[in-house]
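Colleague: Could you take a close look at one part for me, the packing of a helix pair, and then tell me what else is laid out around the fold?

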Amino acid sequence: MTPLSILGFLLLFSTASAQSPIYEYSFCYNTTNNTSYQDNVRKALSWVASDSGISKGYNQTVIGSNNSSSDDTVYGFYSCRSDIVGYFCQFCLNSAAKEINQRCANNTVTAIIWYDLCIIRFSNQSFFGKLTLTPTWNTTGSKDIKDPTETTRAKDAMESLITKTIETNQTWTAGEFDWGGDNEKRYGMVQCSRDLTSAYCRECLQFCLDIYPQCCGTKVGWGVVGPSCGMKFDEYEFYQGTNDTGSPPPLPNQAEEGSNTSRKLIIGLSVLGFVALLCFSFYCFWYRKKVRKDELIPDTIPLSSYHDVQTEETLNADLPIIPLTTILQSTNNYSEACKLGEGGFGPVYKGTLPDGRQIAVKRLSKASGQGSEEFKNEVMFIAKLQHRNLVRLLACCLEEHEKILVYEYLSNASLDSHLFDYEKKKQLDWKLRLNIIHGIARGILYLHEDSRLKVIHRDLKASNVLLDHEMNPKISDFGLARAFERDQNQANTKRIMGTYGYMAPEYAMEGLFSVKTDVFSFGVLVLEIISGKKNSGFYLSEHGQSLLLYAWNIWCAGNCLELMDSVLEKSCIASEVVKCMHIGLLCVQQDAADRPTMSTVVVMLASDTMALPKPNHPAFSVGRMTPKEASTSKSSKNLSINDVTVSTILPR
């Protein structure tokens with residue numbers, strides 16, 4: 001039997017048509033009934049997942065008698081792509097070790113599995129250092145080339161990488177190429193198995209390049225992989241950074257390392273002293289810059305917590321950092337097909353991590369005026385908050401002037417996409433809507449009273465409530481959040497930001513905010529969930545008034561169920577609808593002091609016997625009033641005349 005050799009790398013071949021962003025290809029050859037050999041295969045796969053040498057990105061082992069005449073010896077090998085190390089290398093190897101058991105039978109003799117960032121291979125014969133050219137496989141992207149000459153240009157570009165690899169005695173090289181107008185670029189990478197000689201490496205890479213025109217010559221993005229080497233070419237930078245020559249850092253010369261130890265020690269100490277001085281100078285510069293920022297934005301990030309913000313200057317070790325190349329790979333280079341939506345912060349994309357987890361990638365728009373401060377807030381707050389009704393932040397990325405947040409992916413999108421869609425809202429029966437109301441209330445209560453920080457969200461709305469696969473609500477978007485001291489009840493800001501229809505009057509008009517600001521927003525949400533109507537723009541309907549005033553009027557008239565969404569007629573429990581409407585009106589009262597706290601709201605929602613106080617007239621709303629309503633409003637003892645000027649509000 002001829003063993004299948006394999007290079008120590010994996011090229012990242014994510015294409016728009018790929019069914020899995022992790023598994024790429026596999027081969028399984030021959031079978032055996034030798035139980036001793038099968039046991040050694042299991043040991044080899046276990047070794048891959050636990051090898052202490054993972055930091056160098058590749059390794060090989062021999063399990064068994066290490067005798068060519070023995071029939072139970074297993075030769076095992078793993079490797080991650082040369083620019084991928086550490087956490088993501090381990091992720092990939094763990095996934096591959098599990099997958100190879102499913103792809104190949106338990107009694108397989110020789111097997112190899114390619115993943116996007118790593119490979120695992122085992123055989124009953126030694127393949128270390130040997131060149132194998134077949135079999136090969138290839139992959140292409142969906143985008144066609146603009147000009148037939150691009151095929152020749154791409155081949156010439158990859159020829160230059162092959163030459164550079166051999167001349168520098170390396171096993172991989174990556175490079176960037178200018179490709180024409182509008183600053184268009186192309187990126188390439190070649191790599192050989194790390195145990196090959198330079199001659200074998202050149203022969204292998206040239207073999208793959210000769211295949212390219214026939215298999216992939218009409219596509220912009222492509223890759224060709226053989227058992228001992230491979231290459232990839234695309235229009236985005238799919239690899240991690242290299243040195244100035246476009247190659248990996250050169251390996252040290254062992255002979256030189258052993259000489260002139262004293263001179264190296266002196267130089268090393270001198271460099272260490274210089275670095276220490278440089279670090280101290282940088283710290284002084286950073287500290288002065290931080291203090292100035294604290295003075296400029298006291299209403300956005302509390303001074304006592306600013307050092308926890310993850311920025312280019314200070315990184316929060318509690319929050320994992322994800323490489324930009326992994327973000328690009330998981331979102332297919334921010335393709336439109338992966339785009340979930342766009343808000344005031346910037347676009348949000350769906351992606352998949354190397355371990356198979358689906359993620360939501362929130363990318364700060366460079367044109368966003370307030371985005372940088374919102375980004376700092378979001379990292380600071382949500383990294384410290386953990387609750388089943390809050391969306392979970394997994395990691396962030398700050399490479400190449402990008403500011404990216406990576407969240408758990410919630411398959412049912414946001415509440416507004418269901419609630420205000422005529423067809424989708426039919427899936428939201430009363431039991432489900434009531435569960436959503438309870439979940440939002442518990443999430444806000446956690447922010448206000450049960451978390452390590454006392455947090456005011458300041459931008460609660462239907463689009464900031466996400467729904468998981470079981471339609472459980474999770475509060476998101478902490479860009480405007482503000483932390484309070486435990487004994488602090490209210491704060492003031494000159495920078496009023498939020499969303500029309502959800503802002504409490506004291507915040508919109510005077511910049512005053514407290515926990516009661518979130519209570520007001522929650523009340524609006526409750527009335528929207530009951531009615532299936534948006535508060536903002538509701539006055540444009542036949543009712544000629546805001547949702548809050550409409551709810552108040554039918555409450556006073558004793559016709560509460562008129563507020564209810566018509567699709568709920570068969571599933572609703574009238575008493576529960578009336579109670580939730582009652583609670584919603586209590587939350588949107590004009591005077592913040594009259595509104596209940598979230599702890600009281602949660603108790604009221606849970607109780608069937610608790611006597612609820614009568615609500616006062618709801619707060620003013622941006623909209624029009626009919627003459628009859630205007631007359632009623634002027635005579636109401638619960639509604640004071642509004643004679644303040646309108647503040648400039650920055651909508652999200």
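Modeller: Sure. Helices α3 and α4 come out roughly antiparallel to each other, because angles over 145 degrees count that way and theirs is about 175°. Keep in mind that this is a predicted model. In sequence terms, α3 covers residues 149-167 and α4 covers residues 198-216, and their axes lie 10 Å apart. On the α3 side, the contact is made by Glu 150, Thr 151, Ala 154, Lys 155, Met 158, Glu 159, Ile 162, Thr 165 and Ile 166. Facing them from α4 are Ser 198, Cys 201, Arg 202, Leu 205, Gln 206, Leu 209, Asp 210, Tyr 212 and Pro 213. Sort the residues of this contact by character and you get nine nonpolar, four polar and five charged.

Now for the sheet. Five strands make an open sheet, ordered β1-β4-β5-β3-β2, with antiparallel pairing. The edges belong to β1 (23-31) and β2 (58-63); each has a single partner strand, so one side of each has no neighbour in the sheet. From one strand to the next, the twist averages 10°. For β1, seven antiparallel bridges link the strand to β4 (residues 108-115), and Tyr 29 has Thr 110 in β4 as its bridge partner.

Another helix comes in here: α1 (residues 35-50) lies across β2, β3 (74-80), β4 and β5 (118-123). Against β3, α1 runs at about 20°.

Methods. Residues are numbered from 1 along each chain as its sequence is written. This is a predicted model: local features need pLDDT of at least 70, side-chain atom pairs count only at pLDDT 80 or more; totals for chains, interfaces and linings use all residues. Side-chain values use heavy atoms; hydrogens and water are left out. Axes are lines fitted to C-alpha atoms, for helices over the stretch in contact, and angles run from 0 to 180 degrees between N-to-C directions. Helices (H or I, at least four residues) and strands (E, at least two) are DSSP runs, numbered from the N terminus. Angles under 35 degrees count as roughly parallel, over 145 as roughly antiparallel, 65 to 115 as roughly perpendicular and the rest as oblique. Contact means heavy atoms within 4.5 Å. Ala, Val, Leu, Ile, Met, Phe, Trp, Tyr, Cys and Pro count as nonpolar, Asp, Glu, Lys and Arg as charged, and the others, Gly among them, as polar. Two strands pair if DSSP finds at least two bridges between them.
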